[in-house]
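Okay, thanks for coming, everyone. I'll put the sequence and the structure up, and then we'll walk through them together.

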Amino acid sequence: MNSTRDDDTLLEVTRFFFEELMPLAKKLQDEGKAFFSVKPNPNAQTYYKKREKTIMHPESFEVVGCDSFDSFEEALIDMWTSQGYSELTKLAPTLLKLAKSLYFVEEQSEDISPFIYVMF
Amino acid sequence: MSTTILGISAFYHDSAAAIIRDGEIIAAAQEERFSRKKHDPRFPHHAINYCLEEAFIESSELDAVVFYDNPLFTWDRVLKNCMMAGPRSFDQFKKASRSVLGIKMWVKDYIIRSIGSLGKLDKLLFTEHHMSHAASAFYPSPFQKAAIITLDGVGEWATTTIGLGTDNRIELFQEINYPHSLGLLYSAFTYYCGFKVNSGEYKLMGLAPYGEPIYYDAIRENLIDIKEDGSYNLNTEYFGYLDSSVMTNDKFNNLFGGSPRKPESYITRREMDMAASIQKTLEEVILRMALHTKKETGADNLVMAGGVALNCVANGKVLKKGIFDDFWIQPAASDAGGAVGAALLVSHAYFDIPRKINPNGRDTQRGSYLGPAYKPSEVVAFLGRKGYPYERIANPQQLAEKIAQVIADGKIVGYFAGRMEFGPRALGARSILGDPRRRETQSVMNLKIKFRESFRPFAPSVLAEDVSEFFEMESESPYMLLVAPVRKERCLPMNLRKFQEGDDNMSAVITQSRSDIPAVTHVDYSARVQTVHPSDKPDYYHVIKKFKDLTGYGIIVNTSFNVRGEPIVCSPQDAYRCFMRTEMDLLVLEDCLLWKEEQPAFEDTEDWRKTYELD
Ligand SMILES: [Fe+2]
């Protein structure tokens, strides 16, 4: 990857994070919406959640959105709409742009892997 | 017509590939063994090529290719996590967007570039991360029906799942989601104690018996709430993983009285006590969860996978409690095993191939010897080409006898035979062997061969039929996933006065004989046992059997064939290099014996201590 492209991509990522993602996060927070609990709840009976999908049917092996850029944006929109998070769908067009800029071809000879962090 | 599926796990840590034909595991291997980069997370080109070769198949002839995880849901978690964590998570967002949005999402393109095809289906299939773990645990197990528990750091959203496997159907009905994760909790302690996240967890477990669980109450009161049914939630205020790339934060540090231990610095009482405390917490969760799972499923047996299932000390306690009649754990429990699980799941749940249970009551993991083998003729050709002196003993009985004699003489043997193991443990195909009766074996192997911390004990390989002669256990443990106490009558009293009075120096404890098999007896008189059955690995079984004929002990020391930070050796070249860099006495390459003193001077072209990053 050349460094000019790297710089441009970083700019895009930074802009998205601070100008789109964080303002939306703040708005949701102000509305009292949270994606997950961050602390235990002493009154809860259990922390196990009942899963909606309990088995993998043949059709659930197909993930739309990972096959091409064409389906990615719509897949995000569908996912968030079905989860009841329609507020997030407006992030989808920029995320598609980011995906295109970040698209990376790993070279076998490359010594440093981008997978330096445990969570991803 | 047969159905052949290629499974791939990649881009997290420890990439791997597996190939399944008609529900049978044909081959599986981790990329690190070929690329020689420990826990290599990159796309597993080499492992895939090996699997295709082993199955004699072209990529276009594959019925399907499957990835072990759903990148879209992973991205959903990454994004929402950053939204919850706020502006401080920018660094994390930068890294995650590059990894997930730039690479993992487009794994299909990597596959096409690597092998040119997605097989006959012409589209890539995906499984859910914990479904892959569950499938890797249930399908190869010997059970027609079994309860399932998966536990890891995180996969998409889930960190824990509970379910039931019956014939070829897997059902997961309960889960716990990110950021509440037993795996991440244990990793936070691993990091705090100065070990590497994702590989040092094993060291933390090994350190626990030296300490007292004095931080247990602090953990229970501040970090984790555990319900009666084993479900749990964490107080994320104490952890760094939501908004930074370190596991713990100042609040965590303050709770435990200071900064994390610097890697490679002196290990103090605090780390030993931290290890003991988190181990106790982990065991409590797992035992309660096992009881709950038993109640929910009514199943007689349990299967487990996910990185946390490698905690063999906890596993031993579950077995001992008798909650389930029997259990089976996927030896490649962490994400590498996801490649096997994903491909098995596609076989059974997508192509509806009936599951074959091993009629002899054993599992279908084939001893986990699922990697490449080298024929004796290939070894001979290699040695001839290089001009390395060797002695060949083609008769298997004589070969086993010779090796046993060398071990009994107190020598250290590098043993390379048959197909390489899949999973983190060496099980006698790529192993370093020694005499467990000798007190000095542990320190010699640690310091002169493995170049690693001397507190870490070695594991014994014991004849399956003799296991209860040495250990308080009746069951088999072919994958070294169970810890059991050494039989009382074999144990010797230890003088722990100085250590108990506060002298942190562990060597005073380590150097004492703890039993008549000191090299494999941990300070708490336990051992991480591998039972060896003749049908799984006859050559290895015979070496131990001959050792028994000579010494009366059907047990030897087995540690992985590598130096610290190096992936386990794969090829004869890797084995020879490792042999020459260490103080091993004899190298066995299939039926060829190489003595160290007969080898020409070894010109090392690289500084391996730099090549292999410390683990
Ligand atoms: Fe996992």
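A bit of vocabulary before the sheets: two strands pair if DSSP finds at least two bridges between them. Helices here are DSSP runs of H or I with at least four residues, strands are runs of E with at least two, and both are numbered from the N terminus.

Also, some housekeeping. This is a predicted model, so you should know that local features need pLDDT of at least 70 and side-chain atom pairs count only at pLDDT 80 or more, while totals for chains, interfaces and linings use all residues. Residues are numbered from 1 along each chain as its sequence is written, chains are lettered from A and ligands numbered from 1 in the order in which they are written, and side-chain values use heavy atoms, with hydrogens and water left out.

Right, chain B. Nine strands make an open sheet with mixed pairing, and the order is β13-β21-β20-β14-β15-β19-β16-β18-β17. Why is one side of β13 and of β17 left without a neighbour? Those two, β13 (391-392) and β17 (482-485), stand at the edges with a single partner strand each, so there is nothing in the sheet on the other side. Further in, β16 (residues 459-463) and β18 (residues 526-532) of chain B run parallel, joined by three bridges. B:S461 has B:Q530 in β18(B) as its bridge partner.

Now the helices on that sheet. Contact, by the way, means heavy atoms within 4.5 Å, and angles run from 0 to 180 degrees between N-to-C directions, with axes as lines fitted to C-alpha atoms, for helices over the stretch in contact. Helix α14 (residues 376-386) of chain B lies across β13, β20 and β21, at about 35° to β21(B). Helix α21 (residues 572-581) of chain B lies across β14, β20 and β21, and runs at about 175° to β20(B).

Chain B also has an open sheet of five strands, again with mixed pairing, ordered β3-β2-β1-β4-β5. Its edge strands are β3 (24-30) and β5 (124-126) of chain B. Neighbouring strands are turned by 20° against each other on average, direction ignored. Helix α2 (residues 45-54) of chain B packs on this sheet, touching β1, β2 and β3. Helix α5 (residues 107-115) of chain B lies across β1, β4 and β5, at about 135° to β5(B).

On to where the chains meet. In all, 71 residues of chain A are in contact with 95 residues of chain B. Together they bury about 7400 Å², 67% of it on carbon and sulfur atoms; that's the accessible area (1.4 Å probe) that two parts lose on being put together, summed over both.

How many salt bridges are there between chain A and chain B? The count is four, where a salt bridge is a side-chain nitrogen of Lys or Arg within 4 Å of a carboxyl oxygen of Asp or Glu. For instance, A:K39 and B:E237 meet at 2.9 Å, N to O. On the chain A side, α1(A) gives the most to the surface touching chain B, with 11 residues. There's strand pairing across the chains too: β1(A) and β8(B) (residues 169-177) run antiparallel, joined by two bridges. A:K49 has B:E175 as its bridge partner there.

Last one, inside chain B: B:D91 forms a salt bridge with B:K94, closest N and O atoms 3.4 Å apart. The two are about one helical turn apart, because they sit three residues apart in helix α4 (residues 90-101) of chain B.
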